[in-house]
Amino acid sequence: MRHEGKCVRESEGCGLCCTKIENLGVKIGENTILRDVNLHVHCGEFTVIIGPNGAGKTTLLKAILGEVKHTGRLMFMQGSGIRKERPVIGYVPQHLNLDPTSPTSVLDLYAVSRTRYPVWLHIPRKVEQRAKECLAMAKADHLLYKRLGSLSGGELQRVLLSLALDPVPELLLLDEPVSGIDQNGLEMFYELLSDIRRNYDLSIIMVSHDLELASHHADRMVLLNGTVLASGTPQEVMESESFRKVFGVR
């Protein structure tokens, strides 16, 4: 919920943001993208999805978002029962196409996405203050007035993350948010996600190709290639026969 104009949500206790997927399948035209996907993401859990290119990882996120049709069941659990309403879901896309020469600032982006005011006329003070508060959640409030085209890859991802956290979601989905970020930026981003997960009691599902850092920060890892090949702790998945076959390691 929103409290005193800030981007915060009261913790409602474990069980309110569990995501349960049963026999989920996605077919586009004649192509089967996903089949018999079974997964249970618990409240407060940081789950990383790995797999080769074309494995259906992004499609799975879009199915959870409700952007692609699917078979099977997708349920959001409350205690021992199924919630009637969808939870608040935040989403950080893999890419954002930007004109590097545009004068659009981070504040402009926030105002456009959160208000109906023409940003070239006036941005209300309360919108500016709220943008700064939400950027602070992603340790990006110092970027408020910077031009979008001047941001580094890591800075842009923190800005997008702050947008996904307004309002604070119960489930946060991230589609390869660290692509194009250097090693220092990678470590900072993973640490930021871990802090957010602890501070706001939300579940995170993240698609990633960065196995080393993902295995260090994730509670659960899922190896996906059309269907779930392995699921468990990062160590269990990375020591599985399926992992060795998919990634060609001995």
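Let's start with a pair of helices: α4 passes α5 in a right-handed crossing. Keep in mind that this is a predicted model. The side chains to look for at this contact are Gln157, Arg158 and Leu161 on α4, and Phe189, Leu192, Leu193 and Ile196 on α5. Sort the residues of that contact by character and you get 5 nonpolar, 1 polar and 1 charged.

How do the two helices sit relative to each other? Two packed helices are described by the angle between their axes and the distance between the axes. Here, α4 covers residues 153–164 and α5 covers residues 183–200, and they pack at an angle of about 15 degrees with their axes 11 Å apart. Angles under 35 degrees count as roughly parallel, so α4 is described as roughly parallel to α5.

Now over to the sheet. It is an open one, built from 4 strands in the order β2-β1-β4-β5, and the pairing is antiparallel. Which strands stand at the edges? They are β2 (31–41) and β5 (81–82); each has a single partner strand, so one side of each is left without a neighbour in the sheet.

Take a look at the β5 end. Strand β4, residues 71–78, runs antiparallel to β5, and 2 bridges join them. If you want one pairing to find on screen, go to Gln78, whose bridge partner in β5 is Gly81.

The sheet also has a helix lying across it. Helix α1, made of residues 57–65, lies across β1 (18–28), β2 and β4. Relative to β1, α1 runs at about 115 degrees.

Two single residues are worth a stop before we finish. First up is His122, which you'll find in the loop between α2 (106–114) and α3 (125–137). Is His122 buried or exposed? Its relative accessibility is 52%, and the cut-off for exposed is over 50%, so His122 counts as exposed. For a sense of where this loop residue lies, try Ala111: the two are 11 residues apart along the chain, and their C-alpha atoms are separated by 9.8 Å.

The other stop is Glu236, which belongs to helix α7, residues 234–238. With 51% relative accessibility, Glu236 also counts as exposed. Its reference point is Arg220: Glu236 and Arg220 are 16 residues apart in sequence, while in space they are 9.3 Å apart, going C-alpha to C-alpha.

Note on methods
Residues numbered from 1 in each chain as written. Predicted model: local features only at pLDDT ≥ 70, side-chain atom pairs only at ≥ 80, totals over all residues. Heavy atoms only, no water. Buried < 20%, exposed > 50% of the residue type's maximum accessible area, 1.4 Å probe, protein only. Axes fitted to C-alpha atoms, helices over the stretch in contact; angles between N-to-C directions. Parallel < 35°, antiparallel > 145°, perpendicular 65-115°, else oblique. Left-handed = near helix turned anticlockwise from the far one by under 90°. Contact = heavy atoms within 4.5 Å. Nonpolar A, V, L, I, M, F, W, Y, C, P; charged D, E, K, R; others polar. Pairing = 2+ DSSP bridges.
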